[in-house]
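Dear colleague,

I am handing over the structure we spoke about, with notes on its core and its charged pairs below. Please read them alongside the coordinates.

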Amino acid sequence: MSNRTLIRGGLVVTAADEMHADVLVEDGRIAALAAHNSPVSQGWTAARAIDATNRYVIPGGVDAHTHMELPFGGTFASDSFETGTRAAAWGGTTTIVDFAVQTVGRALREGLDAWYAKADGNCAIDYGFHMILSDVNEQSLKEMDLLVEEGITSFKLFMAYPGVFYSDDGQILRAMQRSAVNGGLIMMHAENGIAIDVLVEQALARGETDPRYHGEVRKVLLEAEATHRAIQLARVAGAPLYVVHVSAEEAVAELAVARDKGLPVFGETCPQYLFLSTDNLAEPDFEGAKYVCSTPLRPREHQAALWRGLRTNDLQVVSTDHCPFCFTGQKELGRGDFSKIPNGLPGVENRMDLLHQAVVDGHITRRRWIEIACATPARMFGLYPKKGTIAPGADADIVIYDPHAEQTLSVETHHMNVDYSAYEGRRVTGRVETVLSRGEVVIDQRTFTGRAGHGVYTPRSTCQYLDH
Ligand SMILES: NC(=O)NCCC(=O)O
Ligand SMILES: [Zn+2]
Ligand SMILES: [Zn+2]
């Protein structure tokens, strides 16, 4: 009884269903659901009752792409695990999967241990890790197998950023071959970084130094070409493939062709590509630097293809790629040379709200909102049904969501450790009200009641989405 919480009267929305139901939480898990005010739920007793009348009761968000404290461009992403996971909770996300980084010349183990240490005791919500492979060699290929056994079941490779994270096609093929055997999922940053670097050099030589040139040199065709190449390499290796931060219509088309052939190829996009555009990159007085990320923001016309992809399931997941850098002192490193602007946008706090706005605007249905933001990322990365749904036995990661509240997104009110909002002034309908993480209330009617250290490392099984 003392470990029980009852959530009454809300509309429970999962990827599969919507029903007016009461939810019983016990010992951090969902114990039972029953029709609202049914004889069954009327018999339930609990130490705490939450009235969810006129609210949605949804699974906590699963953000499968964050970069807390990522070293990049001579600086570090400005959210620590403490500030970033607290902000995530404010935004209705109860699990993140962050990227541990292998340093070139070093073991995966060393990078992973560093990330365990950064996160340990600091997180407000649960977390897992992917591993960035920056140096594919005999040793790191062997280590991949061990990591999969340890619950690090996905590996990011970069076709971009030569000299930093970049892998060549041979390295990519080897890693894919290994993943075909050990069950790991290869996540691909699909941009032709070698060609982009030529265009960067040529642009700078012409004196084109403003942030908007970041978008111009990172061409749509070079995203599409890399996406195509990654798909073919995965086919040769017999491995599934997950393409991260898809931004261009032509890249979605490559995924669609592959999926029409029945290939296990999946794609993720991010709110910034759905809601922002090259118009933001072109903002004057270096303000465009706030919107520098890779893949880059695209002309607004690409957004329709991304929304369509999310509806047709050519794209399966919306993650944030949360990688914040303050404008002052960090983005400013690239004044006079756009290639020195640290790449990345803040957004871990905004994803659930922006996608709810997409429901309001008619881009996606309510259930698809939960599918792309909670259930599928959990399945894709081996966390389901512990995470991503509301069902008996699942972790009680639950958001009470007010679909009628109006809010204005702003740096003045957000909780991310960054000095601007990429969505400054944007009005959205819907707001997180209360959040439970494993049954503990971490946001209580818009007050943070969680704590650093509540969140635990969550090992993952291999991809559970391969038959989709
Ligand atoms: N996306 C971005 O611009 N920064 C984070 C690193 C990455 O995901 O490529
Ligand atoms: Zn990337
Ligand atoms: Zn990323």
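In what follows, buried means under 20% relative accessible area, exposed means over 50%, and partly exposed covers what lies in between (1.4 Å probe, protein chains only). This is a predicted model, in which local features need pLDDT of at least 70 and side-chain atom pairs count only at pLDDT 80 or more, while totals for chains, interfaces and linings use all residues. Residues are numbered from 1 along each chain as its sequence is written, chains are lettered from A and ligands numbered from 1 in the order in which they are written, and side-chain values use heavy atoms, with hydrogens and water left out.

The largest nonpolar core (buried Ala, Val, Leu, Ile, Met, Phe, Trp, Tyr and Cys residues joined through side-chain atoms within 4.5 Å) has 132 residues, of which Met176, Met188 and Trp369 touch the most other members. Another core, of 16 residues, lies apart from it and includes Ala21, Ile30, Ile400 and Val441.

There are 31 salt bridges, each a side-chain nitrogen of Lys or Arg within 4 Å of a carboxyl oxygen of Asp or Glu. In one of them, Arg367 meets Glu18 at 3.8 Å, N to O; Arg367 lies in helix α14 (residues 366-380) and Glu18 in strand β2 (residues 18-26), so this pair ties together parts 349 residues apart in sequence. Helices (H or I, at least four residues) and strands (E, at least two) are DSSP runs, numbered from the N terminus. Arg367 is partly exposed at 39% relative accessibility, and Glu18 is also partly exposed, at 30%.

Best regards
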